[in-house]
Every structure is written in C-alpha cells, then in structure tokens.
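Welcome, and please open your viewer. We will move from one selection to the next, and at each stop you will hear what to look for.

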Amino acid sequence: MKIATETAVNASPDTIWKTLTGFAAYPEWNRVLKSVQGEAAPDAALQVQIQFYGQNVSKLSGKVTGFIPPKYFSWSWSHALGAWFLATEHVFRLKERDDGSVIFFQEMYYTGLGLKFRRSSIEHMARLTLDKLNDDLKSRVEPAPAA
C-alpha cells in the first residue's frame, strides 16, 4: 500500500535538506518524528520515536535505505513481529520548481499480512500523520510573513 502527499515549500532545497537530516533539532519542530538517533547516511541504523496521528509514541528500529543529497532520503522499519507482519518505508523527495519553490513529497509504503486486518485505519492514520509533518516542515523552513 502506498500513501503519498506533497506540498509546495518556499525555501531552498538545501534549507529543507538540512532540516530533514538535522535529527537533533526534531524535538523543536516535529510533532511526528519525536526523536531520531543515528546518522543521515547510506545504510545507517536509526532509532526512531514516532507519533502517528491519534496514537501513542512508538519506538522503532530502522535503517536508511536511500540517500541522495539534497533530493532523496528514505528509511525503513518493521513491526516487532517482523517484516512478514508489517514493514514500512518512509520516503522524502524534494523537487525544485522554476519559481524557486520546492515540492516536498512524502511517501509511505506498507507491506505485510497486518494490512489485511487494518488497511483502512493504517491508511487514514498515515495520511493524517504525513499532513502534520508537511505542515511542521513548512512552519520550520519558510520565512515568517512580514508584519
């Protein structure tokens, strides 16, 4: 199952990239990814505290699966029962537009038997979660409006 969102962000790709890969600052601005321990580097191990919309904070162990600065970053993790039950890959993509803004894409790919039982609730929860993260990122990187 794929859940995808996108939003236009009025900031440079480098500013957005530094924000996405600056894990130490996540608690200051990110309501979804409460904490990420590890390095933003290919194949790096990550310890993530994530709060999906309407859920308690979950602790996950993951791995960086894609890393192409400043355009593409992804990580994956599996349910405690194993990837056969539920596995997820979270993808961040940046595409610069001619007007200087950036389109920020997020995609979550879910696989596993667990989808059979909770597909619609997972899809709803993930979409709302990605929307929150989009809003938080925009608030963090876009310049404040002139007063």
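Searching the whole structure turns up six salt bridges, a salt bridge being a side-chain nitrogen of Lys or Arg within 4 Å of a carboxyl oxygen of Asp or Glu. Before you click on any of them, note that this is a predicted model, in which local features need pLDDT of at least 70 and side-chain atom pairs count only at pLDDT 80 or more, while totals for chains, interfaces and linings use all residues. Residues are numbered from 1 along each chain as its sequence is written, and side-chain values use heavy atoms, with hydrogens and water left out.

**Stop 1: salt bridges**

Select Arg140 and Glu28: their closest N and O atoms are 3.1 Å apart, and they form a salt bridge. Because Arg140 sits in helix H3 and Glu28 in helix H2 (residues 26-29), this pair ties together parts that are 112 residues apart in sequence. Helices (H or I, at least four residues) and strands (E, at least two) are DSSP runs, numbered from the N terminus. Glu28 is exposed at 60% relative accessibility, whereas Arg140 is partly exposed at 36%. Here buried means under 20% relative accessible area, exposed means over 50%, and partly exposed is in between (1.4 Å probe, protein chains only).

Next, select Lys63 and Asp43, a salt bridge whose closest N and O atoms are 3.9 Å apart. Lys63 belongs to strand E4 (residues 58-68) and Asp43 to the loop between strand E2 (33-38) and strand E3 (45-50), so the pair ties together parts that are 20 residues apart in sequence. Lys63 is partly exposed, with a relative accessible area of 40%, and Asp43 is exposed at 55%.

Then pick Glu142 and Lys138, which form a salt bridge with 3.3 Å between the closest N and O atoms. Glu142 is partly exposed at 23% relative accessibility, as is Lys138 at 21%.

**Stop 2: the nonpolar core**

In soluble globular proteins, nonpolar side chains tend to be buried together. In this model, the largest nonpolar core has 40 residues, and those with the most contacts inside it are Ile16, Leu33, Trp75 and Tyr110. Helix H3 gives this core its largest share, eight residues. A nonpolar core is a set of buried Ala, Val, Leu, Ile, Met, Phe, Trp, Tyr and Cys residues joined through side-chain atoms within 4.5 Å.

Select Ile16 and show its surroundings: not counting residues up to four places away in sequence, Ile16 touches Val9, Ala11, Leu94, Val102, Leu137 and Val141. Contact means heavy atoms within 4.5 Å.

Now go to Val64 in strand E4. Val64 is buried, with a relative accessible area of 0%. Its C-alpha atom is separated by 4.2 Å from that of Trp75, 11 residues apart along the chain. Leaving aside neighbours within four places in sequence, the contacts of Val64 include Ala41, Pro42, Asp43, Leu46 and Trp75.

**Stop 3: His90 and Asn134**

His90 is in strand E6 (residues 87-96). Is His90 buried or exposed? At 1% relative accessibility, His90 counts as buried. Measure along with me in the viewer: the C-alpha atoms of His90 and Ser74, 16 residues apart along the chain, are separated by 5.5 Å. Add Gln106 to the selection, and you have a polar contact of 2.8 Å between the side chains of His90 and Gln106. A polar contact is a pair of N or O atoms within 3.5 Å; within protein, one must be able to donate a hydrogen and the other to accept it, and residues adjacent in sequence count only if both atoms are side-chain atoms.

Gln106 also leads to Asn134, which touches Thr5, Glu6, Thr7, Phe104 and Gln106, not counting residues up to four places away in sequence. Asn134 is found in helix H3 and is buried at 3% relative accessibility.

**Stop 4: Thr21**

Select Thr21 in helix H1 (residues 13-21). The Thr21 side chain reaches the backbone oxygen of Trp17 at 2.8 Å. Leaving aside neighbours within four places in sequence, Thr21 is in contact with Ala40 and Phe67.

**Last stop: Leu113**

Finish with Leu113, located in the loop between strand E7 (102-111) and helix H3 (115-141). Leu113 is partly exposed at 42% relative accessibility.
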